[in-house]
Amino acid sequence: MILFVMSLMTSCEIPTSVKFDNYVDRVEENCENWTEEEWQISREKYYELLEEYEANYENMTQEERDVINKAIGRYNGILVRKGLEKVDESINGFIEKLPSLFEGFMSAWDEEMEKIEE
């Protein structure tokens, strides 16, 4: 009987992709007049969902991952659109890497440019 109840409980668990998507929907619907404290609480919940995503990543289908990745993009878009100073670390990290990425990309052409100039 205990195994049946445990099985029933786990089969009723809401998938991470649904939780993530629903959470971002609620943020989008309600965030218009949030204070910085409310945004902080929102970011904490967002990071909890990210941790759950990372923990369950290997067990997800590509479709579930796509739903979550789209929700991550929407959430970060909301943060940017609202003009918050603290944008998610992953976006900041990527933006900080852009000059180096561009420089590395262009350096791949240096040899070819030198050959043309000779």
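Which helix of the protein has the lowest confidence, and which the highest? In this predicted model, helix H1 (residues 2–11) sits at the bottom with a mean of 43, while H2 comes out on top at 94.

## How far to trust it

Across the protein, pLDDT averages 80, and 73% of the residues score at least 70. The start of the chain is another story: residues 1–11 stay under 50 in pLDDT, and the model gives them zero contacts beyond four places in sequence.

## Helix H2 and its buried side

H2 covers residues 16–30. Its 15 residues should span 21 Å at 1.5 Å a residue, and its end C-alpha atoms are indeed 21 Å apart, so the two figures agree.

Where do the buried residues of H2 sit around the axis? The buried ones are Thr16, Ser17, Phe20, Tyr23, Val24 and Val27. They cover an arc of only 135 degrees around the axis, which puts them on the same side of H2. The background is simple: an α-helix has 3.6 residues a turn, so residues three or four places apart point the same way. As for partners, the buried residues of H2 pack against helix H3 (36–56) and H4.

## Helix H4, one side in and one side out

H4 runs over residues 62–81. With 20 residues, H4 reaches 28 Å from its first C-alpha to its last, close to the 28 Å expected at 1.5 Å a residue. Buried in H4 are Arg65, Ile68, Ala71, Ile72, Tyr75, Asn76, Ile78 and Leu79. Their arc around the axis is only 150 degrees, so they share the same side of H4.

Flip to the other side of H4 and you find Glu63, Lys70 and Arg81 exposed. After H4 comes Gly83, with a positive phi near 75 degrees.

## Salt bridges between and within helices

Side chains of opposite charge can pair when their charged atoms come close. How many salt bridges are there? The count comes to five.

One of them joins Glu52 and Lys19, whose closest N and O atoms are 2.8 Å apart. This pair links distant parts of the chain, with Glu52 in helix H3 and Lys19 in helix H2, 33 residues apart. Lys19 is partly exposed, at a relative accessible area of 27%. Another salt bridge brings Arg74 and Asp21 together at 2.8 Å, N to O. Arg74 belongs to helix H4 and Asp21 to helix H2, so this pair ties together parts that are 53 residues apart in sequence. Asp21 is partly exposed too, with 25% relative accessibility. There's also a network of salt bridges here, linking Asp21, Asp25, Glu28 and Arg74.

Glu36 and Arg43 make a salt bridge as well, with their closest N and O atoms 2.7 Å apart. Is each partner buried or partly exposed? Glu36 counts as partly exposed at 47% relative accessibility, whereas Arg43 is buried at 6%.

## Arg65, a buried charge without a partner

Arg65, in helix H4, is the one to look at if you like loose ends. Why does Glu58 not count as its salt-bridge partner? A salt bridge needs the nitrogen within 4 Å of a carboxyl oxygen. Glu58 is the nearest side chain of opposite charge, but it is 4.8 Å away, and Arg65 is buried with no salt bridge.

Arg65 still has company: leaving aside its neighbours within four places in sequence, Arg65 is in contact with Tyr53, Tyr57, Glu58 and Met60.

Methods. Residues are numbered from 1 along each chain as its sequence is written. Side-chain values use heavy atoms; hydrogens and water are left out. Helices (H or I, at least four residues) and strands (E, at least two) are DSSP runs, numbered from the N terminus. Buried means under 20% relative accessible area, exposed over 50%, partly exposed in between (1.4 Å probe, protein chains only). Lys and Arg count as positive and Asp and Glu as negative; His and the chain ends are not counted. Contact means heavy atoms within 4.5 Å. The expected span of a helix is 1.5 Å times one less than its number of residues. The arc is that of the directions from the helix axis to the C-beta atoms. pLDDT is the predictor's confidence in each residue, from 0 to 100.
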